[in-house]
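Morning, everyone. Please bring up the structure, and we will walk through it together.

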Amino acid sequence: MFVWYHHSALTIVYLSDVPPSSKSGALAKSVWNTRGWTFQEFVAPKVILFYQSNWTLYLDDRTLNHKDSIAIMQELKNATGIDRSAVVAFRPSMHGAREKLHWASTRVTTLQEDIAYSLFGIFGVRLPVDYGEKQDNALGRLLQEIVARSGDITGLDW
């Protein structure tokens, strides 16, 4: 999915729980901002626009790319700990594995193993998906791959 978002011309994020005319801070409180799979939705694409529940632009921000919006990027940083420069220039890699794992640590998924699967693209790895293996096994395989490729064991302490 990461590659799909990365190659998209535009990614539109529909914030179904953010009412019209919301004030700054509503994006940070949106359930969208807590989901595991949405992490790649805002770091992978080159262009992203956030829309409120009535399909108006979030904060009425008419910037052509909300990655260029100081207010929206500051709100995402406050909510996720990921600064604007990391969001704008993000490239999949093993570099900064501990920090990336930390960014993802508060996110939730419906299936336990999706926590690991949603990070494959973030690290640029391709591993078999085995639904039913549970979170510990999936994360263990991902961490094993990160350490094997990077030689960095600091990611184990996230």
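A word on terms before we start: a helix here is a DSSP run of H or I with at least four residues, and helices are numbered from the N terminus. By that numbering, Val147 lies in helix H9. We will come back to Val147. Keep in mind that this is a predicted model.

Let's take the whole chain. What does it contain in helices and strands? Nine helices and two strands. Reading from the N terminus, the order is α-β-α-α-β-α-α-α-α-α-α. The radius of gyration is 16 Å, and the globule rule gives 15 Å for 158 residues, so the chain is as compact as a globular protein of that length. Along the principal axes, the C-alpha trace spans about 45 × 30 × 25 Å.

Now burial and contacts. Of the 158 residues, 46% count as buried. Take contacts between residues at least 6 apart in sequence: 55% of them join residues at least 24 apart.

Next, the surface. The chain exposes about 8400 Å². Carbon and sulfur atoms supply 55% of that area. On charge, there are 16 positive and 16 negative side chains. The centres of those two sets lie 5 Å apart.

Please zoom in on helix H4, residues 70-80. Which residues of H4 are buried? Ile72, Met73, Glu75, Leu76 and Thr80. Looking down the axis of H4, these buried residues fall within an arc of 155°, so they line one face of the helix. Here is the background: an α-helix has 3.6 residues a turn, so residues three or four places apart point the same way. Turn H4 around. The face away from the buried side carries the exposed residues Ile70 and Asn78.

What do the buried residues of H4 pack against? The list has four helices and a strand: H2 (26-29), H3 (38-43), H5 (84-88) and H6 (97-104), plus strand E2 (48-51). Right after H4 comes Gly81. Its phi is positive, near 85°.

One of those partners, H3, is our next stop. Gln40 sits in helix H3. Is Gln40 buried or exposed? Buried, at 2% relative accessibility. Leave aside neighbours within four places in sequence, and Gln40 is in contact with Met1, Phe2, Tyr5, Pro45, Ser118 and Ile122.

Last stop: helix H9, residues 135-150. Two residues here, starting with Ile146. Ile146 has a relative accessible area of 2%, and under 20% counts as buried, so Ile146 is buried. Beyond its neighbours within four places in sequence, Ile146 is in contact with Met94, Ala97, Phe123 and Gly151. Look at Phe123 in that list. Ile146 and Phe123 are 23 residues apart along the chain, and their C-alpha atoms are separated by 7.8 Å.

Now back to Val147, also in H9. Val147 has a relative accessible area of 24%, which makes it partly exposed. Where are its contacts, leaving aside neighbours within four places in sequence? They are Asp152, Ile153 and Leu156. Finally, pair Val147 with Ala97. The two are 50 residues apart in sequence. In space, they are 9.2 Å apart, C-alpha to C-alpha.

To recap the close-ups: H4 has its buried residues along one face. Gln40 in H3 is buried, and so is Ile146 in H9. Val147 is partly exposed. Thanks, everyone.

Note on methods:
Residues numbered from 1 in each chain as written. Predicted model: local features only at pLDDT ≥ 70, side-chain atom pairs only at ≥ 80, totals over all residues. Heavy atoms only, no water. Rg over C-alpha atoms; globule rule 2.2 N^0.38 Å. Buried < 20%, exposed > 50% of the residue type's maximum accessible area, 1.4 Å probe, protein only. Contact = heavy atoms within 4.5 Å. Areas by Shrake-Rupley, 256 points an atom, 1.4 Å probe, with all protein chains shown as cover. Lys, Arg positive; Asp, Glu negative; His and termini not counted. Charge placed at Lys NZ, Arg CZ, Asp CG, Glu CD. Arc of directions from axis to C-beta.
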